[in-house]
Each structure stands twice: as C-alpha cells, then as structure tokens.
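Here are some notes for a colleague who is opening this structure for the first time. They begin with the whole protein and then turn to single places in it.

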Amino acid sequence: MKPKKYADIVNAVWMQLQAIGCDFTVTPDEHGDAAVLDARWDSYSQVSWTAGSRGGTPQAKAAGKRRSTDTGR
C-alpha cells in the first residue's frame, strides 16, 4: 500500500473516532511514517469543494450535480 493511501486510512479512522468522542491513542505501526501521516493531514486543509483541480473535487462535482437535480435545473 502506498504511504499516502495508508495515511488517508489512518487519518479517516482517527477522524471517525474523534467524532464519536472515543478516548484513544494512535500509534503508527511498522508501515506508518509519522511525517507522512502529518503531511497528508496538512494537505487536507488545501482541499476545496469549489476550487479543486479539474473544476472541483469529485465530492464537489457530485454535490453540484445533486443540487441541480434537486432544484430541477
């Protein structure tokens, strides 16, 4: 597994546990590199729903399509 994908999975688990108020500690295993995990976490703040690459992130495109369907546009 590539380091960025691993970091995405670890960070997603962290976010979910944090959201439900779990008391936990994250310790990267032998596959984890704390610097890569941190760098990937920092990169999430650079994601934009409206200004992503190729006209927006996949999430933004899907949301826009959904909105246009919901409003009859």
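1. The protein exposes about 6,000 Å², and carbon and sulfur atoms supply 55% of that area. Please keep in mind while reading that this is a predicted model. Of the 73 residues of the protein, 12% count as buried, where buried means a relative accessible area under 20%.

2. As to the overall make-up, the protein has 3 helices and 0 strands, and the pattern read along the sequence is α-α-α. If one takes the contacts between residues at least 6 apart in sequence, 51% of them join residues at least 24 apart.

3. How do the helices α1 and α2 pack, and at what angle? Helix α1, which covers residues 3–19, packs with helix α2, which covers residues 34–44, at an angle of about 70°, and the axes of the two helices are 9 Å apart. Because angles of 65 to 115 degrees count as roughly perpendicular, α1 is described as roughly perpendicular to α2.

4. Which residues make this contact? On the side of α1 they are Pro3, Lys4, Tyr6, Ala7, Asp8, Val10, Asn11, Trp14 and Met15, while α2 contributes Val36, Leu37, Arg40, Trp41 and Tyr44. Sorted by kind, the residues of the contact of α1 with α2 comprise 10 nonpolar, 1 polar and 3 charged.

5. Asn11 deserves a separate look, and one may ask whether this residue is buried or exposed. Asn11 has its place in helix α1 and has a relative accessible area of 8%, so it is buried, the limit for that class being under 20%. When neighbours within four places in sequence are left aside, Asn11 is in contact with Leu37, Arg40, Trp41 and Tyr44, and these four residues are also listed on the α2 side of the contact between the helices.

6. How many salt bridges does the structure hold? The structure holds 1 salt bridge, and it is formed by Arg40 with Asp8, whose closest N and O atoms are 2.8 Å apart. Since Arg40 lies in helix α2 and Asp8 in helix α1, the pair ties together parts that are 32 residues apart in sequence. Arg40, at 23% relative accessibility, counts as partly exposed, and Asp8, at 26% relative accessibility, counts as partly exposed too. Both residues are listed in the contact of α1 with α2, and Arg40 is also one of the residues in contact with Asn11.

7. Tyr44, which has its place in helix α2, is partly exposed, with a relative accessible area of 24%. Once neighbours within four places in sequence are set aside, Tyr44 is in contact with Ala7, Asp8, Asn11 and Met15, each of which is listed on the α1 side of the contact between the helices. For Tyr44 and Asp8, which are 36 residues apart in sequence, the distance in space is 9.6 Å from C-alpha to C-alpha.

8. The start of the chain can be read in a similar way, beginning with Met1, which is found in the segment before α1. Met1 is exposed, with a relative accessible area of 72%, and it touches Tyr6 and Ile9 when residues up to four places away in sequence are not counted. The C-alpha atoms of Met1 and His31 are separated by 8.8 Å, although these residues are 30 residues apart along the chain.

9. Lys2 also lies in the segment before α1, and with a relative accessible area of 67% Lys2 is exposed, since that class begins over 50%. From Lys2 to His31, which are 29 residues apart along the chain, the separation of the C-alpha atoms is 9.6 Å.

Conventions. Residues are numbered from 1 along each chain as its sequence is written. This is a predicted model: local features need pLDDT of at least 70, side-chain atom pairs count only at pLDDT 80 or more; totals for chains, interfaces and linings use all residues. Side-chain values use heavy atoms; hydrogens and water are left out. Axes are lines fitted to C-alpha atoms, for helices over the stretch in contact, and angles run from 0 to 180 degrees between N-to-C directions. Angles under 35 degrees count as roughly parallel, over 145 as roughly antiparallel, 65 to 115 as roughly perpendicular and the rest as oblique. Contact means heavy atoms within 4.5 Å. Ala, Val, Leu, Ile, Met, Phe, Trp, Tyr, Cys and Pro count as nonpolar, Asp, Glu, Lys and Arg as charged, and the others, Gly among them, as polar. Buried means under 20% relative accessible area, exposed over 50%, partly exposed in between (1.4 Å probe, protein chains only). A salt bridge is a side-chain nitrogen of Lys or Arg within 4 Å of a carboxyl oxygen of Asp or Glu. Accessible areas come from the Shrake-Rupley method with a 1.4 Å probe; for residues, only the protein chains shown count as cover.
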